[in-house]
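Let's take a stroll through this structure together. Keep the sequence and the 3D view open while you read.

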Amino acid sequence: MKRVGIPHSLFYYYYYPLWKTFFSDLGANVISSSESNRLTLDQGIKLAVDETCLPIKVYFGHVQELCQQHLDYIFIPRLVSVEPKSYICPKFMGVPDMIRAALDNLPPLIDITIDVSKSDRSLKRDIMRVGSLFTNDDNQIKRAYTHACQENRFCRLLAREGYTMAEAISLWEGEQVNNPASGDLNIGVLGHGYSLYDPYISMNLVERLRKMGCNVFLPEALDIGCIEREAATIPKRVFWTLGRKMVGSALYMDKRADIDGIIYLACFGCGPDSLIGEIIENKVKNKSFMMLTIDEHSGEGGLVTRLEAFCDMLRRRRMRGEGNLPAYG
Amino acid sequence: MKVTFPHMGNAHIPIKALLKGLKLEVIPPPPVSKKTMELGVKYSPEFACLPLKVNMGNFIEAIEAGADTIVMAGGWGPCRFGYYAQVERDILKNLNYDFRMVILEAPDSRLSDLLKQVKSLGENVSLWEAWKAIKFAWYKLNAVEKLERHFEYYLPRVVDKDKVEKIFDDGLKNIDQADERKEVHDFTNICLKKMQEQPCHNQPVLRIGLVGEIYTILEPVTNYHVARYMGRLNAEVTRSIYMSDWVNDHLLGGWIKKSRHAEIINCASPYLNYWVGGHGRETVGYTVDFARKQYDGVVQIGPLTCMPEIVAQSVLGKVSEREGIPCMTMYFDEHSGETGIYTRLEAFIDMLQRKSYLQSSFSTPIGVDNKFVL
Ligand code: SF4
Ligand code: SF4
């Protein structure tokens, strides 16, 4: 049985069920790296150039861990675009090359290029190419891919119930996950999934908020139509997939009466965040808004203090009956 | 209508010629200064890349000088530049400035589209006049570049560096003010001749390739004048990006001159096999190209947090090792300190000089010996 490694990082949080099902259906044994931890980050910091953003550093650490697992392949896709006329980020377009340049003991990479910005023809071809590493049966590959897409959709449905993508993936894997507890504050939390749902990178942001008595609203739980409709109200279409989702979600939450405040988790040194954060901050008029910028030196203490202050402020405001007034008058 | 545009090195010379040719009143922003940077930094998103901040400074200063229309380029990603104009417009509106912004979206390498966009800027110009304006601007652009290339060649070689800098700066000023093709031609030749007449020393001259993000390469203020600094240390600097190549490749679809673009992209592989936005792939390709042309070293520059350049930098270590060329990366933002930058440059040049000295003093005898042994 061929062993395929999948790093537990970056687009793992959006596509793991798809990738895992695809490779398993083709008879491979899928091994993913462990959840991000101190070691992952330390190794990533050693391997990646200093100026890289935190999520990419962490990714390097995951790949390094997989290198010690006697694998036949590591799956490192080149994610260019996952929907027409949009991109993820320039760094995603270079990830396989960055990894190759940094690590010497790599097993062969499966570096499929995912680019549907113009059409999905080349993606289909690439899927067949990857599939043929495991089987000669074209039909089996196609079936595996269809099945994989179904599984991914199913996992997304779980996320609509209010679970984070990380929790949804655990549920999908058949593990036990507690129901998101309910609290007295409703807080919208936005950010790139690979930072927000990686408990180590986000320092458990979502879980912390829940413990502080908040119902956390995540973009995956919102209606996609509403997100897109709101995102379309700004003059120029945002060409980053995640960025557009964040802008749309923020504007949608801004209008919803039940939301008390919005938190945006940004990464230090992130290109898209530097502009998207600005746009959201500018356009969110009715809710209290807080931007949290994290990097590898961020401490939990500072985070907790800021979250507590934010929640206290919202509660005080509600008690005074100010409702949803903007944060600064 | 009083039109302005963002600065990018000497690009203001041809841009001004173009807009004037379209019978527009042009108010270029004052040259980028400390004040420009301060204004830009103050009103831009904190973590935006440096070009956006300088743009903002330019626009504010130009509007205060009386401009009411901003011409700016756009794009469709994947990098931040495509969204610059939107963010800049919002900020300026929030500052209550009254102006119009015309965004030229990337015309997808179609000359006719560009011509149309350019023409629509001018109020009452015929297609013929627009065409003439474009041609004159192109002529000026090439004249400017001729000076730049000669300057890059002579600066490291002449004895009196201040003098040649002065000749070059004056030459640019003259070209900027010229209204006729003939004048441009004459000023260019006078300036070149003056540079050629400068006495040269006969110390060794290193050859350095300067690669990186386009704006940082073209606008010396944003790179703390690293090219001039290296020139003064007797290093001849060749850039990966000249304005005319960029216009030719990206706006004119390689229509005017034969381009090396495809060849450079090929050089980037196997190190970087995909387009990563900005000039990331060109950075890698040119580094390989400089190595194969026996340059002594490569300096990569870009704004801090520049995404395509970070990708490029991530593979440059491998390039350096395999192609045998020393590389150094420098990022800049508003907090960069001159002393630190110049110390690093000096150390790099110093290392290259020692290396090249060792090679030249030992390689010949060893080579001769080898011949005898064989
Ligand atoms: S989007 Fe931001 S955080 Fe994500 S890889 Fe790009 S720069 Fe890094
Ligand atoms: S290429 Fe670099 S400088 Fe240009 S927009 Fe992208 S990140 Fe900013």
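## A covered strand and its sheet

Let's start with β6(B), which is covered on both faces: A235(B), V237(B) and R239(B) on one side, and E236(B) and T238(B) on the other, are all buried (buried means under 20% relative accessible area, exposed over 50%, partly exposed in between, with a 1.4 Å probe and protein chains only). Put as a count, 5 of the 5 residues of β6(B) are buried. Strands here are DSSP runs of E with at least two residues, and helices are runs of H or I with at least four, numbered from the N terminus.

One thing to know before going on: this is a predicted model, where local features need pLDDT of at least 70, side-chain atom pairs count only at pLDDT 80 or more, and totals for chains, interfaces and linings use all residues. Residues are numbered from 1 along each chain as its sequence is written, chains are lettered from A and ligands numbered from 1 in the order in which they are written, and side-chain values use heavy atoms, leaving out hydrogens and water.

Back to chain B, where β6-β5-β7-β8 is the order of an open sheet of 4 strands with parallel pairing (two strands pair if DSSP finds at least two bridges between them). β6 (235-239) and β8 (327-332) of chain B are at the edges with a single partner strand each, so one side of each has no neighbour in the sheet. Here is how β5(B) connects to two strands:

| Pair | Bridges | Direction | One bridge pair |
|---|---|---|---|
| β5(B) and β6(B) | 5 bridges | parallel | G209(B) and T238(B) |
| β5(B) and β7(B) | 5 bridges | parallel | I208(B) and G297(B) |

## Around the ligand

Now for chain A. Which residues are around ligand 1? They are C53(A), P55(A), I56(A), C89(A), K91(A), F92(A), H192(A), Y194(A), C270(A), G271(A) and P272(A), where being near means having a heavy atom within 4 Å. Helices α3 (54-67), α4 (90-102) and α12 (271-283) of chain A each give at least two residues to this shell. C53(A) counts as buried, because its relative accessibility is 10%.

Helix α12 of chain A also holds L275(A). Is L275(A) buried or exposed? L275(A) is buried, because its relative accessible area is 0%. Along the sequence L275(A) and G243(A) are 32 residues apart, while in space they are 9.1 Å apart, C-alpha to C-alpha.
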